[in-house]
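Hi there,

Here is the structure I promised to pass on. Have a look at it first, and my notes follow below.

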Amino acid sequence: MLILLIFVVLIFSILASEKKGSKVVVQGKDFRRILSKPGTYDITENGKFLMKVEFDGNRVRVVESTCPLKLCVKTGWVGPRGTIICVPNEVIIFFEEKTDYDTVTW
């Protein structure tokens, strides 16, 4: 019985650790980039630098941006179910989640 309990705990911990490696989608007018590994990424469009995004595996933030007010940078770290929108650069950053349903209503 104890071995079965340990096995169940291991399975749940493995599944929980896989969820931490969420994917972040950076989408703009003419591009879509998926960040799956922690790191710092430059977001460019047609060779023009737009912003630098940092993903730590659980959260994402905009470190640097070419937009005038830097609201996307001031947003700070965002986790799953959070979104960063940069209107001047036409970039939206969100977590890609797979669910069993198509929409959520309030």
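A cut-off to start with, since several of the notes lean on it: a residue is buried under 20% relative accessible area, exposed over 50%, and partly exposed in between. R61 has a relative accessible area of 30%, so R61 counts as partly exposed. Please also keep in mind that this is a predicted model.

First, the overall layout. The protein has two helices and seven strands, and along the sequence they follow the pattern α-β-β-β-β-β-α-β-β. Of its 106 residues, 27% count as buried. Among contacts between residues at least 6 apart in sequence, 29% join residues at least 24 apart. The protein exposes about 7,800 Å², and 59% of that comes from carbon and sulfur atoms.

Next, the core. The largest nonpolar core holds 20 residues, and those that touch the most other members are M51, V60, V91 and I93. Strands β1 (23-27), β3 (39-45), β4, β5 (60-65), β6 (83-86) and β7 each supply at least two residues of this core. Which strand gives the most to this core? That is β4, with four residues. If you want one residue to centre your viewer on, try I93: leaving aside residues up to four places away in sequence, I93 touches V24, V25, V26, M51, V53, V60, V62, G82, T83 and I84.

On to the aromatic rings. There is one aromatic pair in the model. F55 and F95 form this pair, with 6.3 Å from centre to centre and 65° between the planes. Why is the pair called edge-to-face? Because the label applies to planes over 60 degrees apart, and the planes here are at 65°. The pair links distant parts of the chain: F55 belongs to strand β4 (residues 48-55) and F95 to strand β7 (residues 91-96), 40 residues apart. F55 is buried, at a relative accessible area of 1%, and F95 is buried too, at 7%.

Then the charged side chains. The count of salt bridges comes to four, and I will go through three that you may like to look up.

- E96 and R32 meet in a salt bridge at 3.3 Å, N to O. E96 lies in strand β7 and R32 in strand β2 (residues 32-35), so this pair ties together parts that are 64 residues apart in sequence. Both ends are partly exposed: E96 at 30% relative accessibility, R32 at 47%.
- E54 and R61 meet at 2.7 Å, N to O. E54 is partly exposed, with a relative accessible area of 22%, and R61, as said above, is partly exposed at 30%.
- D56 and R59 meet at 3.2 Å, N to O. D56 counts as partly exposed at 31% relative accessibility, and R59 as partly exposed at 36%.

R59 is worth a second look. Besides its salt bridge with D56, R59 lies over the face of W77, at 4.3 Å from the ring centre.

For a quick tour, you could begin at I93 in the core, go on to the ring pair of F55 and F95, and finish at R59 with D56 and W77.

Happy to talk any of this through whenever it suits you.

Best wishes

Definitions and conventions
Residues are numbered from 1 along each chain as its sequence is written. This is a predicted model: local features need pLDDT of at least 70, side-chain atom pairs count only at pLDDT 80 or more; totals for chains, interfaces and linings use all residues. Side-chain values use heavy atoms; hydrogens and water are left out. Rings of Phe, Tyr and Trp (its six-membered ring) pair if their centres lie within 6.5 Å; planes under 30 degrees apart count as stacked, over 60 as edge-to-face and the rest as tilted. Buried means under 20% relative accessible area, exposed over 50%, partly exposed in between (1.4 Å probe, protein chains only). A charge sits over a ring if NZ of Lys or CZ of Arg is within 6 Å of the ring centre and within 35 degrees of the ring normal. A nonpolar core is a set of buried Ala, Val, Leu, Ile, Met, Phe, Trp, Tyr and Cys residues joined through side-chain atoms within 4.5 Å. Contact means heavy atoms within 4.5 Å. Accessible areas come from the Shrake-Rupley method with a 1.4 Å probe; for residues, only the protein chains shown count as cover.
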